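Visitor: Could you take me in for a close look at a single part of this one? I'd like the surroundings as well.

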Amino acid sequence: MAEESNKIVTRFAPSPTGLLHLGTYRTAIFSYLYAKKNGGTFVLRIEDTDKERSKKEYEDNIIESLNWMDLKYDKFYRQSEHVEEHKKHLEKMITEGKAYISKEEAKDGSGVIKEIVRFKNPNIDVTFNDDIKGSVTMNTTDLGDFVIAKNLNEPLYNFAVVVDDWNAGITHVIRGEDHTSNTPRQILIQRAIGAPTLSYAHIPLVLGGDKLKLSKRRGALPITEYRNQGFLPEAILNGVAFVGWNPGTEKEIFTHDELVEAFDLSRVQKSPAIFNEEKLNWFNKEHIKLLSKEEIEKNILEWLPENMQNAKLVPIILERISKWGDVKDMAERGELDFFFNAPMIDKEKLIFKDTPKEKIKSNIENIIKKFEEIAENDFTEENIKSVLMELANVAEKRGEVLHPVRYALSGLDKSPDPFIIASILGKNETISRLQKAL
RNA sequence: GGCCCUAUCGUCUAACGGUUAGGACAGCGGGUUUUCAAUCCGUCAAUCUGGGUUCGAUUCCCAGUAGGGUCACCA
């Protein structure tokens, strides 16, 4: 049932044996982007022929992750649903002498004799064109008569893939570099069953900070964990696509659709890339900027503890975060507490550098007096700022006016500027805190 | 070890064989009407080594070195 059109069909074929990380999803992203760029079809195939290790929860996680990143697949199926088809080909190959059943002792040491299926290797050089690596030639002799099925009903990866790719009309296989050496095996099987040879693109792997292949063992996170940390799906898509690929221009921030438009396999790097978490934060920050004010406010509020959901805090928080999870962290670190409860004041800390105590005190008194002159409705950031700056500018050092206000209001040495704090606190609370500092 | 692939700033990368080797992240320095943040500006920083080919190599070829992948009755 191979498709007759020359439409491009790519696939993402993960095995549901664990929570997949960014490196694996990057190949999904490239496959998806390539298909969509060329008006093709993107297939998700769950490779669950390993019954022991495959788990439904992992399959669910893969689907959840793809959905979250808005990588829509046009077709979905599980490899295990095709065992009959696999069996048919296996039997045909055996009849034709292209494969044979071999009675061998099971490898588990049980001494049981099993009938496994081996491929009759013609022992030749296989050359294929890789869209990233170019022409690759490998001699298949040292592969021997490799095993293609545990038995007629349990096909193994290298064989099942060939049958499934053929059935699904896959035209382009875009996968990780770790599959490069599987390709000659698969091509040999294709020839044996009369399947067409496909177009291949093996993508160099993503390495961790330790320059080793990214893996869960070394802290690589599942994609859903990035979601849980409050990353934007488009930022992840953008950031991950930029590991080992670039559009050839200096533009770096791309939306989903722009990525589809710009993607090109020929600009995929040939060498492995080390994944840089900090740049991912930057990508996320840039994507937050693409959001509307309403969306930003909605998200920040959602990530704040219930008793702190005050929209006035949004601007302050926004410029201090790179992902939504940072909002939660800020709140948990107590950085926002002073907005809700008057801080404990250590009067020594009110003092700016070596300004005399009395001067600080009289400055605060002046400020209170000026603030009292402002009508409650006019107690805005702008007005507060003009009053305070007027005082600060005639002072010996601006800090002797500004610092005590910031400290009296926040109890912190480092905080957002005093104008915005005061405006959020409101006239009464601001004056009350200043009085306590006298 | 065999086989396959790769090699530009710390990291991700750009550069029809001719550029002061460009950008981004991080770092550092400074401006932005006090601090943190944000923002702006500036700055540090690279062609793995050795041979060729060429008037001229980051770019082409070879070797070395280094790194990655793979050598399952896993995928």
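Guide: Let's look at the surface near the RNA and then at a helix pair that leads on from there. Keep in mind that this is a predicted model, where local features need pLDDT of at least 70, side-chain atom pairs count only at pLDDT 80 or more, and totals for chains, interfaces and linings use all residues. Residues are numbered from 1 along each chain as its sequence is written, while chains are lettered from A and ligands numbered from 1 in the order in which they are written.

Around RNA strand B there are 59 residues, and S15, E47, Y157, K213 and S271 come nearest (near means a C-beta atom, placed from the backbone, within 6 Å of the strand). Among the elements that give two or more residues to this surface are β4 (99-105), β5 (113-119), α9 (277-289) and α15 (399-410); helices are DSSP runs of H or I with at least four residues, strands runs of E with at least two, numbered from the N terminus. The most comes from α15, with four residues.

So what does α15 pack against? Its partner is helix α14 (residues 381-394), at an angle of about 135 degrees with the axes 7 Å apart; axes are lines fitted to C-alpha atoms, for helices over the stretch in contact, and angles run from 0 to 180 degrees between N-to-C directions. On the contact itself, L388, L391 and A392 in α14 meet V401, L402 and V405 in α15, contact being C-beta atoms, placed from the backbone, within 7 Å.

Terms used:
Contact = placed C-beta atoms within 7 Å.
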